[in-house]
Amino acid sequence: MTRAAITAVGHFLPEDRLTNHDLEQMVDTNDEWIRTRTGIRERRILWDKDKATSYMATEAAREVLRKRGISGEEIDAIIVATVTPDMLFPATACLVQHAIGASHAWGFDLSAACSGFLFALSTGARFIESGKHEKVLVIGADKMSSIVDFSDRSTCILFGDGAGAVLLEPNTDGYGLIDSIERTDGAHWDLLCMRGGGSLHPPSYETVDRRMHFIHQEGRQVFKYAVEGMAGVAAEIMERNELVGDDVRYLVPHQANQRIISATARRMGIGMDKVMMNIERYGNTTAATIPLCLHDWERDLRRGDNLVLAAFGGGFTWGAAYLRWAYDGAAVAETAASTATHEAS
Ligand code: ACO
């Protein structure tokens, strides 16, 4: 049986940090409120107006190619999960394809908000499992600062910018994506959305005046659905694969709120020591959170580790994936670090 295994991970984070104390100068909020309600201390922001999502996605993709020791020409397909594409069209994937010289690849963007990476992973895996492709790049990237209203304290404290990428390749030794669940329910689309800029409300003076080009979120209500959705689907994927807490090496959750993550871990019967969590440093980077976690924990991952990925986002969209990790991360991370040092000197 051919499975789609992750064989390399890359990332990009802007250097500029926006701390809770910085936000205290911008809106009526405070560090203590933000930390206790969300778990966030700071986030990264790509302030450079000439650089957008494709720039971050490209940097993450380049790290994947470097680590795997391949060129862009070997890539068959590129899927970019994002809600902040550089433009409505062409797709961000086209810009990444050109930038990395993936001359044989096709690609497209996938819009599923915070579940975007999970949905893209599941989609990319089908091309590998079917035998159509050998190398698929799956990227989650969002420049959330481009759609955040920095005068709205209920949303501006939550989001950050970043990108993460993985390479999917065929594996016949039992490693890779074993199962996934994907869900969508548009009944509550208006609890988390950006109304302006699409074909319903094309950009106009009015849409700008009404601040319709920014994220709108009914936080408290979304919170309720997010806990139910993310914890429920994580438990469901464990049940149907007959996994108990001890079988899981790591939960890799979407990073929207520390309290949602803790509730998911509790429902799965695993301790917080088995939860990848970097929300404190990066905030919610939407489609990038899960691959950024994989990047940050790559060093700790061993071949055969069972991972459960789970996400919930606007739409609503939610889902989970169960995968068996395919390589020893420490060796790869060390080689990558020494290559980077060598290149810098
Ligand atoms: N600083 C201080 N006070 C604030 C702030 C702030 N930044 N923001 C809101 N408040 C106030 C509110 O005005 C409210 O005051 P009131 O009680 O006087 O009316 C009070 O704090 C409580 O507000 P809530 O919105 O009820 O706060 P809550 O505990 O729900 O936390 C949060 C808000 C963090 C947004 C939470 O609801 C949440 O995490 N929601 C889910 C987010 C999520 O999972 N989104 C999906 C993924 S994102 C995506 O798909 C793009």
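Q: How far is the side chain of Asn-257 from an oxygen atom of the ligand?
A: In this predicted model, an N or O atom in the Asn-257 side chain sits 2.7 Å from a ligand oxygen.

Q: And what about Arg-259 and Trp-33?
A: For Arg-259, a side-chain N or O atom is 3.2 Å from an oxygen atom of the ligand. For Trp-33, a polar side-chain atom lies 3.4 Å from a ligand oxygen.

Q: How much of the ligand's accessible area does the protein cover?
A: On its own the ligand has 1000 Å² of accessible area, and the protein covers 77% of that.

Q: How many residues surround the ligand, and which are the closest?
A: There are 28 around the ligand, the closest being Thr-29, Arg-37, Cys-114, Arg-220 and Asn-257.

Q: What kinds of residues are in that shell?
A: The shell has 13 nonpolar, 10 polar and 5 charged residues.

Q: Which element gives the largest share of the shell?
A: That is α8, with 5 residues. Elements that supply at least two residues each include α2 (31-38) and α9 (258-268).

Q: Which domains does the shell draw on?
A: Domain 1 (3-174) and domain 2 (178-331) each provide at least three of the shell residues.

Q: New topic. How many residues are in the largest nonpolar core?
A: It has 41 residues, and among those with the most contacts inside it are Ile-215, Leu-251 and Phe-312. Helix α8 gives the largest share of this core, 7 residues.

Q: Where does this core lie?
A: It lies between domain 1 and domain 2, because both give residues to it.

Notes
Residues are numbered from 1 along each chain as its sequence is written. This is a predicted model: local features need pLDDT of at least 70, side-chain atom pairs count only at pLDDT 80 or more; totals for chains, interfaces and linings use all residues. Side-chain values use heavy atoms; hydrogens and water are left out. A residue is near a molecule or strand if one of its heavy atoms lies within 4 Å of it. A polar contact is a pair of N or O atoms within 3.5 Å; within protein, one must be able to donate a hydrogen and the other to accept it, and residues adjacent in sequence count only if both atoms are side-chain atoms. Accessible areas come from the Shrake-Rupley method with a 1.4 Å probe; for residues, only the protein chains shown count as cover. Helices (H or I, at least four residues) and strands (E, at least two) are DSSP runs, numbered from the N terminus. Ala, Val, Leu, Ile, Met, Phe, Trp, Tyr, Cys and Pro count as nonpolar, Asp, Glu, Lys and Arg as charged, and the others, Gly among them, as polar. Domain bounds come from an automatic or database domain assignment. A nonpolar core is a set of buried Ala, Val, Leu, Ile, Met, Phe, Trp, Tyr and Cys residues joined through side-chain atoms within 4.5 Å. Buried means under 20% relative accessible area, exposed over 50%, partly exposed in between (1.4 Å probe, protein chains only).
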